[in-house]
Amino acid sequence: MATEVTQALLNAQSVDSTVRKHAEETLKQFQEQNLPGFLLSLSGELASEEKPVDSRKLAGLILKNALDAKEQHRKYELVQRWLSLDVAVKTQIKTCLLQTLSSLAPDARSTASQVIAKVAGIELPQKQWAELIGSLLSNQQLPAHVKQATFETLGYLCEEVSPDVVEQDQVNKILTAVVQGMNAEEGNSDVRLAATRALYNALSFTRANFNNDMERDFIMRVVCQATLSPEVKIRQAAFECLVSISSTYYEKLAPYIQDIFSITAKAVREDEEPVALQAIEFWSSICDEEIDILEDYGGDFTADSDVPCYNFIKQALPALVPMLLETLRKQEEDQDQDEVAWNLAMAGGTCLGLVARTVGDDIVPLVMPFIVENITKPDWRQREAATYAFGSILEGPSPEKLTPIVNGALNFMLTALTKDANSHVKDTAAWTLGRIFEFLHGSTVEIPIITPANCQQIVTVLLQSMKDAPNVAEKACGALYFLAQGYADVAASSPLTPFFQEIVQSLLTVTHREDAGESRLRTAAYEALNEVVRCSTDETTPMILQLVPVIMMELHQTLEAQKLSSDEREKQSELQGLLCGCLQVIIQKLGGSDPTKYAFLQYADQIMSLFLRVFACRNATVHEEAMLAIGALAYATGPDFAKYMPEFYKYLEMGLQNFEEYQVCAVTVGVVGDLCRALEDKIIPYCDGIMTQLLKDLSSNQLHRSVKPPIFSCFGDIALVIGENFEKYLMYAMPMLQSAAELSAHTSGADDEMLDYTNLLRNGILEAYSGIFQGFKNSPKTQLLIPYAPHILQFLDSIYMEKDMDDVVMKTAIGVLGDLADTLGSNAGSLIQQSVSSKDFLIECLSSDDHLIKESAEWAQMAISRAISV
């Protein structure tokens with residue numbers, strides 16, 4: 001069989017599709033008929049030096065894929081499958097894998113490293129394969145290629161396993177070996193590189209070591225020495241370690257920051273780009289940390305602050321800013337055409353922007369002389385660098401500091417955008433204008449930048465720039481987006497109204513440009529159009545109405561196109577998504593007030609039939625956009641939407657069943673809520689199907705967890721509109737809500753991400769309870785809810801005791817307490833009085849600074865006193 005496996009693995013990589021498919025089928029059958037034999041064959045293939053490298057590599061890859069998958073439910077199945085294999089089989093496979101680390105073929109060693117880490121990820125948490133780390137560390141006396149493979153394995157292992165799985169004494173041993181491997185005394189540069197990369201992955205394991213001054217000093221010294229290695233890849237990997245240390249151990253950096261500044265400054269000025277980029281990234285990472293600390297504690301450090309702000313950026317400012325400004329002149333000729341370009345100038349500008357957000361006003365005097373000196377220079381690099389520096393510091397400093405400077409510079413930017421001979425300068429000038437409008441224009445800014453005197457000039461320049469090269473036109477669309485957004489809160493008349501028709505026409509013209517597919521131009525034009533429509537005032541309604549048939553016609557044309565290549569079909573789908581998004585904004589705008597709604601509804605039938613045709617084209621992104629637009633249409637048409645339901649329902653059900661593209665499923669769940677509010681009791685005929693599907697979704701382990709909180713909220717939406725008709729679903733919905741409530745009540749040991757999710761889940765559950773109580777209010781069937789009241793009160797008690805509710809959950813929770821009292825009346829009174837924390841919770845909410853929480857609490861207080869006094 002061994003030779004057959006080798007041949008099948010080689011054939012599976014054949015250019016001949018018939019040979020390839022046959023080989024894939026053979027391997028699949030072998031796997032299905034005899035999994036242990038299949039996995040043993042693969043590990044034997046990988047370990048055998050006689051076999052071809054290509055078959056060994058694929059054997060390792062298939063082995064890795066037999067242990068891991070992206071989808072959580074599939075991963076769980078594969079883990080269980082491995083754990084249930086015979087111990088002797090697993091031992092033999094693991095022996096082959098460890099043996100492969102000594103192979104002379106680098107690809108085989110590297111693949112084995114990854115597979116060992118996957119097995120460790122399954123077994124170490126189960127307290128199995130305890131000898132693995134010891135046996136890896138015993139490889140240190142072996143030849144260089146084995147040491148290199150060992151460090152690579154340790155790196156992957158640290159990536160795969162969570163830190164609490166590895167005992168501290170083993171962490172110490174790993175760290176000792178890795179640091180030795182990084183040392184300059186280690187003669188082999190491949191070993192030093194693998195050790196440095198392993199340290200990068202091991203940093204999350206080393207908290208105890210970083211808390212020990214001597215050990216931390218030693219680690220930092222070795223990392224800093226590695227940044228001076230003669231090998232560029234080692235220097236890059238060492239700086240990557242510093243970047244990771246800066247975010248993981250920010251609070252430990254003070255003794256080293258001076259030396260790190262010297263090392264990074266030298267790298268930025270003299271080293272090769274991959275190294276210099278990481279050196280800049282270190283300071284960007286420090287900015288991120290300090291911005292977070294300052295936002296969390298608002299600059300008032302008390303004993304409760306987890307981490308004080310050391311103001312590293314503020315202290316480094318006089319030297320850091322000149323270093324970053326110097327990088328801005330290191331642009332690449334074609335960077336604006338390449339959407340994924342990343343170079344020294346871009347990294348420096350990004351870091352400068354973060355510095356501005358960290359220190360605010362202090363940055364302005366340090367950057368202004370550079371701008372003034374370079375903005376008029378004949379060399380385009382200097383003009384572009386000055387413009388980029390200006391744009392980068394517009395977020396962070398106060399409007400008071402920036403407004404006078406921007407007022408002086410605005411004309412200059414507008415002239416550069418139209419007259420500069422260089423496309424890079426125009427691109428950056430348009431981007432800078434966008435930043436000016438984003439941060440210094442709008443109802444909250446006291447001194448307006450845009451006045452009746454300059455508004456026309458600004459619009460004229462932006463519309464003219466939309467005819468420029470795609471990258472410049474895309475930035476001009478972005479600037480127009482923020483220009484419109486700044487007038488979102490204008491009630492009566494917007495300064496943009498006189499130009500509305502011209503703006504809309506120019507944006508539509510951009511969407512038809514031959515080159516609109518480049519630099520995201522078409523997308524940017526539709527985003528700007530949507531914002532212009534969304535932020536317009538009533539004066540422009542007739543013009544928005546005229547836009548409806550235009551966009552409908554465009555959507556109709558995309559549906560008529562025949563015989564498209566796969567590339568054309570992808571572009572077509574993207575355009576359909578943009579057009580559905582545009583119609584959604586128009587529907588929301590016109591459907592928001594009665595006079596415009598009636599004028600718009602003449603198009604409702606045609607729009608709906610277009611959307612139904614869009615659903616017939618199978619594309620997830622388009623379905624998502626069309627679903628959102630239908631939600632808006634349902635809101636605008638109200639109960640009349642019922643006439644579309646017979647035809648639309650199958651697509652609604654398809655959306656609710658779409659586990660794969662879970663965003664479509666989430667949006668569809670939201671649309672069910674929109675339909676409930678629009679159709680009211682006309683939704684009843686469809687509720688059995690909808691509820692069945694929602695309950696299936698909740699039971700599925702394939703559906704992404706983010707969809708589950710909105711499903712619970714959706715129960716509340718349905719119950720609220722169908723009232724006592726929800727009775728038949730109680731026996732299914734309530735146990736689901738109860739088990740989810742138990743899961744989300746306690747959060748000890750949860751990280752921030754898990755806590756955010758738990759609060760979303762709690763809010764969804766509480767919104768369901770709220771909708772159910774309100775739906776049953778004044779119905780003779782309210783007594784059906786009494787058995788569930790103790791559990792709900794217990795849930796409220798436990799989340800109150802946990803003390804980690806966010807404000808949204810707090811408002812919904814106190815509202816549910818009020819709903820329970822309001823609906824169940826005297827039946828709830830005694831239960832609430834017996835509840836452990838209801839009284840404390842109510843008192844806390846009544847004294848809240850958040851007026852929404854306070855309002856909910858005042859209402860709940862009245863409902864509870866009525867229930868108790870009965």
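In the predicted model, the charged side chains of the protein comprise 68 positive and 117 negative charges. The mean positions of these two sets are 3 Å apart. The surface to which the protein's residues contribute amounts to about 39,000 Å² of exposed area, and carbon and sulfur atoms supply 51% of that area.

The secondary structure consists of 42 helices, with zero strands. The C-alpha trace spans about 80 × 75 × 65 Å along the principal axes of the protein. For 870 residues, a compact globule would be expected to have a radius of gyration near 29 Å; the value for the protein is 31 Å, and the two therefore agree. Burial was assessed over the 870 residues of the protein, of which 54% count as buried. Among contacts with a separation of 6 or more, 72% are accounted for by residues 24 or more positions apart in the protein.

No covalent cross-link between cysteines was found, the structure holding zero disulfides. Two cysteines illustrate this result. For Cys-582, the closest cysteine sulfur belongs to Cys-580 and lies 10.0 Å from the sulfur of Cys-582, which is too far for a bond because a disulfide requires sulfur atoms within 2.5 Å. Cys-582 has a relative accessibility of 1% and therefore counts as buried. For Cys-665, the closest cysteine sulfur is that of Cys-714, at 10 Å, and this distance is likewise too far for a bond. Cys-665 also counts as buried, because its relative accessibility is 0%.

The backbone was further examined for unusual phi values. Most residues other than glycine have a negative phi. Two consecutive positions depart from this pattern. Ser-519, although not a glycine, has a positive phi of about 50 degrees, and Arg-520, also not a glycine, has a positive phi of about 60 degrees. Ser-519 is found in the loop that connects α25 (500-511) with α26 (521-534), and Arg-520 lies in the loop between α25 and α26 as well. The accessibility of each residue was also computed. With a relative accessibility of 11%, Ser-519 falls under the 20% limit and so counts as buried. Arg-520, at 36% relative accessibility, counts as partly exposed, because this value lies between the limits of 20% and 50%.

Terms used
Residues are numbered from 1 along each chain as its sequence is written. This is a predicted model: local features need pLDDT of at least 70, side-chain atom pairs count only at pLDDT 80 or more; totals for chains, interfaces and linings use all residues. Side-chain values use heavy atoms; hydrogens and water are left out. Helices (H or I, at least four residues) and strands (E, at least two) are DSSP runs, numbered from the N terminus. The radius of gyration is taken over C-alpha atoms; the globule rule is 2.2 Å times the number of residues to the power 0.38. Buried means under 20% relative accessible area, exposed over 50%, partly exposed in between (1.4 Å probe, protein chains only). Contact means heavy atoms within 4.5 Å. Accessible areas come from the Shrake-Rupley method with a 1.4 Å probe; for residues, only the protein chains shown count as cover. Lys and Arg count as positive and Asp and Glu as negative; His and the chain ends are not counted. The place of a charge is taken as NZ of Lys, CZ of Arg, CG of Asp or CD of Glu.
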